[in-house]
There are 2 protein chains.
Amino acid sequence: MEEGTSKEPSDSCCTVDAFQWDTREDCDVRQILDRIGDKWSLLVIALLDTRCMRFTELKKTIDGISQRMLTVTLRQLERDGLVSRTVHPVVPPRVDYELTPLGVTLHATIQSLVTWTETHQSEIAAARAKYDAASS
Amino acid sequence: MEEGTSKEPSDSCCTVDAFQWDTREDCDVRQILDRIGDKWSLLVIALLDTRCMRFTELKKTIDGISQRMLTVTLRQLERDGLVSRTVHPVVPPRVDYELTPLGVTLHATIQSLVTWTETHQSEIAAARAKYDAASS
DNA sequence: CTGGATCCCACATGATACTG
DNA sequence: CAGTATCATGTGGGATCCAG
């Protein structure tokens, strides 16, 4: 590598032509990607985008999620300011979750990716079939 | 499962209002999400969007990636039809990788997510700081 | 009803050695 | 140069029990 004084030329960035891309594992894009790329976050965001929901309601709706992961997921989303958590001081406890304005904008942005997927899924399936056939 | 009134208890989909979301672990969106959400794919796509690159070139440019993971990542992207692999019959071997038209459109779509992240990173950082402060 | 605390495992990724 | 094969490991996520 380069000199010992400075860690790296661009401090964990790689520069290609005029294009710069952050390769740090904790870069901003990476953090959001880890969030929407995990197993449940996107699903929770999509559901909360339709309306405010309670904990158990989410758990029942999202088929297969464990209590633990729903809690963990919601905590992460809350920490990122994407979801708001409202505790009603009643017995039994009632907690409402809903998307924040920030969360709404994220979901809107992700929609373009969903649309892309729906548009090109057949191409991908075809590419996979071709690849798998060729390698057999 | 089907006790009484239950109507197809989300065999693989959950329906909320007029909104339907596929909760299957192997749904189309999930597959693409797993791809762009993994550790290296998006980085490879971004680099190849700038220009065609060789294996070693990618390895040198992407700081921290192992040979194995670069190979695995490229194979997956190739299988999905996002990246094309060209072997030149020379010695020593030379293999060029480049984005397919499909891969280019995916990268373009992802850009909006990157832009969103850059736009809202400060809000997220603030939300996290607030959350962490409150929970201490 | 909400969700914290533990235990545990599968799997994605890393490290290393070998090869056409 | 461009991989493949093998072994090691950190962690995401499931199952379960407990608590306010």
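In which helix does Ala127(A) lie? Select Ala127(A): it lies in helix α5 (residues 101–134) of chain A. Helices here are DSSP runs of H or I with at least four residues, strands are runs of E with at least two, and both are numbered from the N terminus.

Before moving on, note that this is a predicted model, where local features need pLDDT of at least 70, side-chain atom pairs count only at pLDDT 80 or more, and totals for chains, interfaces and linings use all residues. Residues are numbered from 1 along each chain as its sequence is written, chains are lettered from A and ligands numbered from 1 in the order in which they are written, and side-chain values use heavy atoms, with hydrogens and water left out.

**Stop 1: Ala127(A) and Asp80(B)**

Stay on Ala127(A). It counts as buried, at 18% relative accessibility. Buried means under 20% relative accessible area, exposed over 50%, and partly exposed in between, with a 1.4 Å probe and protein chains only. Leaving out residues up to four places away in sequence, Ala127(A) touches Arg79(B), Asp80(B) and Gly81(B). Contact means heavy atoms within 4.5 Å.

Now select Asp80(B). Find it in the loop between α4 and β4 (83–88) of chain B. Asp80(B) is buried, with a relative accessible area of 2%. Its side chain makes a polar contact of 3.1 Å with the side chain of Arg35(B). A polar contact is a pair of N or O atoms within 3.5 Å; within protein, one must be able to donate a hydrogen and the other to accept it, and residues adjacent in sequence count only if both atoms are side-chain atoms.

**Stop 2: α4(A) against α5(B)**

Show helix α4 (residues 67–79) of chain A and helix α5 (residues 101–134) of chain B. Their axes come within 8 Å and cross at roughly 115°. Axes are lines fitted to C-alpha atoms, for helices over the stretch in contact, and angles run from 0 to 180 degrees between N-to-C directions. On the α4(A) side, pick Arg75(A), Glu78(A) and Arg79(A); they meet Ala127(B), Arg128(B), Tyr131(B) and Asp132(B) in α5(B).

**Stop 3: DNA strand C**

Which residues are closest to DNA strand C? Select Thr56(A), Arg85(A), Tyr97(A), Lys39(B) and Arg68(B), the closest of the 20 residues that surround the strand. A residue is near a strand if one of its heavy atoms lies within 4 Å of it. Sugar and phosphate account for 68% of the strand's atoms that come within 4 Å of the protein.

Zoom in on Lys39(B). An N or O atom in its side chain is 2.7 Å from a phosphate oxygen of the strand. Then look at the bases. A polar side-chain atom of Gln67(A) lies 3.2 Å from a base nitrogen, and one of Arg68(B) lies 3.4 Å from a base oxygen. Color α4(A) next: it gives the most to this surface, with four residues.

**Stop 4: Thr100(A)**

Go to the loop between β5 and α5 of chain A, where Thr100(A) lies. Thr100(A) is buried, with a relative accessible area of 14%. Its side chain reaches the backbone oxygen of Gly81(A) at 2.6 Å.

**Stop 5: α2(B)**

Finish on helix α2 (residues 41–50) of chain B. It is mostly covered, with eight of its 10 residues buried. Among them are Ser41(B), Val44(B) and Leu48(B).
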